[in-house]
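Hi,

Here is the structure I promised to pass on. Have a look first, and my notes on it follow underneath.

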Amino acid sequence: MMEITYKTDYLPSVQEVIELYDDAGLRRPTGDPARIERMYNNSDLVITAWHGEELVGVSRSITDYSWSLYLADLAVKKAYQKSGIGRELLKHTQQAVSDENIILLLAAPAAINYYPKTGMEKVENGFIIHRKR
């Protein structure tokens with residue numbers, strides 16, 4: 001059984017994040033390192049999963065810690081998927097905020113069937129303005 005360490009007090013390097021997103025197949029602007037850096041520097045809560053020195057998972061959120069949390073990213077490297085890391089990252093995210101918070105996210109099409117398995121409920125009352133770039 002592999003030992004995974006979870007951290008909330010450490011931001012991974014931009015290159016580590018890019019490698020994780022590319023490996024996990026998460027569509028993010030990995031060709032724009034400055035944008036990835038801004039995404040992380042402006043997030044309220046980042047929880048990382050490590051296998052030794054290797055970044056294998058991340059949960060990145062924007063929250064007010066009292067009413068709502070938007071889970072912007074939940075990614076796990078392919079070789080580590082289906083080992084419980086995503087669920088554990090979600091659990092750590094929930095523990096970082098009070099029970100007063102709602103947790104919401106926009107699921108990537110490939111992950112639509114994953115989130116109900118974590119106890120999340122699909123909602124139909126949302127709206128979106130898509131980004132232009």
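Let's start with one residue: Met39 is buried, at a relative accessible area of 16% (buried means under 20% relative accessible area, exposed over 50%, partly exposed in between, with a 1.4 Å probe and protein chains only). Before you read on, this is a predicted model: local features need pLDDT of at least 70, side-chain atom pairs count only at pLDDT 80 or more, and totals for chains, interfaces and linings use all residues. Residues are numbered from 1 along each chain as its sequence is written, and side-chain values use heavy atoms, with hydrogens and water left out.

Back to Met39, which sits in helix 2 (residues 33-41). Helices (H or I, at least four residues) and strands (E, at least two) are DSSP runs, numbered from the N terminus. Leaving aside neighbours within four places in sequence, Met39 is in contact with Tyr21, Arg28, Pro29, Arg60 and Asp73, where contact means heavy atoms within 4.5 Å. Its C-alpha is 9.9 Å from that of Val14, 25 residues away along the chain.

For the opposite case, take Lys132, in the segment after strand 5. Lys132 is exposed, with a relative accessible area of 83%. The C-alpha atoms of Lys132 and Leu26 are 18 Å apart, with the two residues separated by 106 places along the chain.

Now the strands. I call two strands paired if DSSP finds at least two bridges between them.

- Strand 1 (residues 5-7) pairs with strand 2 in the antiparallel sense over three bridges; Thr5 has Trp50 of strand 2 as its bridge partner.
- Strand 2 and strand 3 (residues 54-63) are also antiparallel, over seven bridges, and Val46 stands opposite Arg60 of strand 3.
- Strand 3 and strand 4 run antiparallel, joined by seven bridges, with Ser61 opposite Leu71 of strand 4.
- Strand 4 and strand 5 (residues 102-104) run parallel, joined by three bridges; Leu69 has Ile103 of strand 5 as its bridge partner.

Two of these pairings are hairpins. Between strand 2 and strand 3 there are two residues, and Gly52 in that turn has a positive phi of about 65 degrees. The hairpin of strand 3 and strand 4 has four residues in between, and there Tyr65 has the positive phi, about 65 degrees.

How covered are the strands? In strand 2 (residues 45-51), six of the seven residues are buried. Strand 4 is largely enclosed by the rest of the structure, because seven of its nine residues are buried.

The parallel pair has a helix in it too: strand 4, helix 3 (residues 85-96) and strand 5 make a right-handed β-α-β unit. Right-handed here means that, with the strands pointing away from the viewer, the path from the first strand over the helix to the second runs clockwise.

Helix 3 has 12 residues and reaches 16 Å from first C-alpha to last, close to the 16 Å expected at 1.5 Å a residue (the expected span is 1.5 Å times one less than the number of residues). Which residues of helix 3 are buried? They are Ile85, Gly86, Leu89, Leu90 and Thr93. Seen down the axis of helix 3, they fall within an arc of 140 degrees, so they line one face of the helix; the arc is that of the directions from the helix axis to the C-beta atoms. They pack against strand 1, strand 2, strand 3 and strand 4.

Helix 1 (residues 14-24) buries Val17, Ile18, Leu20, Tyr21 and Ala24. These cover an arc of only 165 degrees around the axis, which puts them on the same side of helix 1. Their packing partners are helix 2, strand 3 and strand 4 (68-76). Right after helix 1 comes Gly25, with a positive phi near 80 degrees.

Last, the cores. A nonpolar core is a set of buried Ala, Val, Leu, Ile, Met, Phe, Trp, Tyr and Cys residues joined through side-chain atoms within 4.5 Å. The largest has 17 residues, of which Ile4, Ala49, Val56, Tyr80, Ile85 and Leu89 touch the most other members. Strand 2, strand 4 and helix 3 each give two or more residues to this core, and strand 4 gives the most, with four. Apart from it lies another core, of 14 residues, among them Leu20, Tyr40, Trp50 and Leu55.

Cheers
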